[in-house]
Amino acid sequence: MSSGLATARRSPAPITIRGRNFAWGERTYVIGIINVTPDSFSGDGVTSVEAAVRQGVEMAAAGADMLDVGGESTRPGGQAISADEEMARVMPVIERLVREIELPLSIDAYKSDVARAALDAGAHLVNDIRGFQADPAMARLCAERGVPAIVMHNQRGRPHHDVAGDILAGLRESLAIAREAGLPEELIIVDPGFGFGWEVEQNIEMLARLPELLELGRPLLVGTSRKSTLGAITGRAVEDRLAATAASVALSVVGGADLVRVHDVEFMVDVCKVADAVVRRSGR
């Protein structure tokens with residue numbers, strides 16, 4: 001396994017999203033999670049537009065660099081919902097947030113119909129937890145609109161051989177789909193999928209081996225916030241995993257993460273500032 005500070009690499013070219021320059025390698029960017037769903041694993045789901053918008057405004061004030069809005073729970077055993085229901089949940093939130101804050105907004109969806117509606121409503125990028133592998137139209141949509149995309153490796157239902165090897169193989173499949181659809185690789189961010197189809201020990205190994213994923217040459221997003229692996233390690237309930245999340249976020253930065261996706265924005269902004277000061281030899 002790799003250890004120590006993140007492996008030196010040539011940073012990917014910056015991406016400009018909603019007029020903001022994301023210069024990879026300079027610092028770690030913080031994405032705030034807004035779950036517009038009653039069954040979020042993290043206990044932070046909201047069901048009213050007002051509550052979701054208020055959450056987004058607070059995250060922006062706390063220092064988030066981007067917000068990720070989702071309308072379907074992706075926890076293990078979560079109930080799938082129709083595209084129409086998902087759109088009904090997220091569209092009013094995105095429409096309001098576009099007007100009320102100036103941050104880039106991501107739509108957390110793997111159905112192209114939902115992503116299309118969200119982009120029409122003002123979203124600026126797509127976060128696909130299936131990495132373009134559930135809906136073949138998703139990569140084509142992103143290519144047509146010229147928007148950035150986060151592609152995640154999802155291990156659920158896939159045979160396991162080696163943690164880093166499995167992630168690299170899955171993400172290379174997603175990158176190939178993007179190329180075939182005409183979506184430039186320069187617009188893609190990759191996510192190893194912490195907690196999606198992995199056992200506790202495998203998630204721990206994933207964090208230890210993050211530097212191996214830098215060979216893809218793409219910005220790396222890691223999302224550990226409040227997840228069950230942290231509960232298994234600490235014995236803490238989901239609402240008491242702030243310190244565990246902070247530790248995992250710091251380790252992600254050390255491992256080479258360019259972005260972290262979190263619930264507790266204000267605290268994790270500080271975590272990233274300290275980790276960046278060590279890893280990147282500069283503050284935010």
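**Exercise 1.** Find how many bridges join strand β7 to β8, and say which residue of β8 stands opposite A149.

*Solution.* Strand β7, residues 149-152, runs parallel to β8 and is joined to β8 by four bridges; two strands pair if DSSP finds at least two bridges between them, and strands themselves are DSSP runs (E, at least two residues), while helices are runs of H or I of at least four residues, both numbered from the N terminus. Within this pair, A149 stands opposite I188 in β8.

Before going on, note that this is a predicted model, in which local features need pLDDT of at least 70, side-chain atom pairs count only at pLDDT 80 or more, and totals for chains, interfaces and linings use all residues. Residues are numbered from 1 along each chain as its sequence is written, and side-chain values use heavy atoms, with hydrogens and water left out.

**Exercise 2.** Place β7 and β8 in their sheet, and explain which strands stand at the edges.

*Solution.* The sheet is open and has eight strands, which pair in parallel in the order β8-β7-β6-β5-β4-β3-β10-β9. At the edges stand β8 (188-191) and β9 (221-222), and because each has a single partner strand, one side of each is left without a neighbour in the sheet.

**Exercise 3.** Describe the whole protein chain by its secondary structure and its burial.

*Solution.* Begin with the elements: the protein chain has nine helices and ten strands. Then turn to burial: of its 284 residues, 57% are buried, where buried means under 20% relative accessible area, exposed over 50%, and partly exposed in between (1.4 Å probe, protein chains only).
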